[in-house]
Amino acid sequence: MKVGFHRSSASGRRRVFAACVLSVLAFALTACGGVAARDDDRKVVLTTFTVLADMARNVAGEHLRVESITKVGAEIHGYEPTPGDIKKAAKADLILDNGLNLEAWFAQFVADLDVPHVVVSEGITPMDIGEDAYRGKPNPHAWMSPVNAQIYVDNTARAFSDLDPGNAEAYRANAEAYKTQLGAVRDDLVSAVSALPADQRALVTCEGAFSYLARDAGLTEKYIWPVNAEQQATPQQIGSVIDFVRQRGVPAVFCESTVSDAPMQRVVEATSARFGGVLYVDSLSEADGPVPTYLDLIRHDATTIATALAGASR
Ligand SMILES: [Zn+2]
């Protein structure tokens with residue numbers, strides 16, 4: 001086939017001409033695509049996961065283009081960036097990451113990039129992971145406290161003002177308005193849980209991702225494994241949760257949207273607890289799902305937890 005293109009025959013020349021026309025068309029389409037993209041001359045901010053992207057959009061308003069590197073539903077701790085992610089990041093103006101060892105892949109990801117990045121959890125008081133190989137390490141899920149989320153928002157507003165000083169006032173005003181909403185969602189969380197009898201305020205989940213939320217809400221936390229990783233849900237870990245559920249008479253247990261709930265179903269089979277529902281922590285849902293925004297995520301989790309522990313579900 002290739003040989004045919006180089007043959008100096010009439011049909012060969014026609015084919016070359018046809019190929020050139022197609023190339024020109026393809027080039028024109030690419031160029032048009034490029035022009036369309038250049039119409040949006042806003043600076044581009046990437047975040048490591050969807051929750052941070054939503055917070056960042058609330059601060060950015062219409063002034064910046066914000067995208068998440070990992071997609072909805074992705075496992076974010078041990079994510080493996082694609083060549084497309086690296087290409088996109090190389091053209092970005094700023095990258096926001098959570099820090100606290102959440103994104104195991106991030107240091108390597110940015111090592112060869114000439115793009116500034118800002119750790120949005122800077123300034124929160126970390127809670128330690130109390131168990132296993134993680135003992136003494138910070139629990140990375142600090143955004144699950146809406147109070148911490150206010151610090152994330154301040155850090156984001158500061159980073160945006162440095163990136164785009166002309167709109168600094170808008171970022172500050174957007175951040176203040178959003179922080180008011182975060183305060184309200186925190187109050188709703190606390191009042192939902194405080195309506196439960198004191199002995200039913202126990203939160204049993206797959207990953208130990210709810211320490212900050214449990215602290216804010218006044219829940220005792222128990223989980224199967226501390227952080228999503230390859231070695232999780234050992235018989236010892238499941239046995240320990242079964243003992244806890246039996247001793248406390250916990251009425252309902254939960255698992256998160258980004259992992260299999262099979263290990264928690266074994267707890268359900270071995271105890272009198274029901275499966276209370278899916279909680280969201282490491283990812284938002286799609287726009288038409290239950291938690292398209294971070295505020296929805298906290299509201300959804302608070303309602304799911306309070307309803308199931310009160311025995312009102314099923
Ligand atoms: Zn997690």
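Me: Which residues does leucine 295 touch, leaving out residues up to four places away in sequence?

Reply: In this predicted model, leucine 295 touches Gln181 and Val185, not counting residues up to four places away in sequence. A contact here requires C-beta atoms within 7 Å. Leucine 295 itself lies in helix 11, residues 294-309.

Me: Why is leucine 295 called buried?

Reply: The cut-off for buried is 20 or more other C-beta atoms within 10 Å. Leucine 295 has 20 such atoms within 10 Å, so it counts as buried. Across the protein chain, 39% of the 314 residues count as buried.

Me: How far apart are the C-alpha atoms of leucine 295 and methionine 55?

Reply: They are separated by 9.1 Å, although the two residues stand 240 residues apart along the chain. For the protein chain, residues 24 or more positions apart account for 60% of the contacts with a separation of 6 or more.

Me: What makes helix 9 oblique to helix 10?

Reply: Helix 9 (residues 235-248) and helix 10 (residues 262-270) pack at an angle of about 40°, with their axes 10 Å apart. Angles under 35 degrees count as roughly parallel, and 65 to 115 as roughly perpendicular. The value of about 40° falls in neither range, nor is it over 145, so helix 9 is oblique to helix 10. The crossing of the two helices is right-handed.

Me: Which residues of helix 9 and helix 10 meet, and how do they divide into nonpolar, polar and charged?

Reply: From helix 9 come Ile238, Val241, Ile242 and Val245; from helix 10 come Pro263, Arg266, Val267 and Ala270. The residues of this contact divide into seven nonpolar, no polar and one charged. Arg counts as charged, so Arg266 is the charged one.

Me: What is the order of the open sheet of four strands, and which are its edge strands?

Reply: The order is 2-1-3-4, with parallel pairing. Strand 2 (64-68) and strand 4 (117-119) are called edge strands because each pairs on one side only. From one strand to the next, the twist averages 25°.

Me: How do you know that strand 3 and strand 4 pair?

Reply: Pairing needs at least two bridges. Three bridges join strand 3 (residues 94-97) to strand 4, so the two strands pair, and they run parallel. Isoleucine 95 stands opposite histidine 117 in strand 4.

Me: How does helix 3 run relative to strand 2?

Reply: Helix 3 (residues 50-60) lies across strand 1 (43-47), strand 2 and strand 3, and runs at about 170° to strand 2.

Technical notes:
Residues are numbered from 1 along each chain as its sequence is written. This is a predicted model: local features need pLDDT of at least 70, side-chain atom pairs count only at pLDDT 80 or more; totals for chains, interfaces and linings use all residues. A residue is buried if 20 or more other C-beta atoms lie within 10 Å of its own, exposed if 12 or fewer, and partly exposed in between; C-beta atoms are placed from the backbone. Two residues are in contact if their C-beta atoms, placed from the backbone, lie within 7 Å. Axes are lines fitted to C-alpha atoms, for helices over the stretch in contact, and angles run from 0 to 180 degrees between N-to-C directions. A crossing is left-handed if the near helix is turned anticlockwise from the far one by less than a right angle, and right-handed if clockwise.
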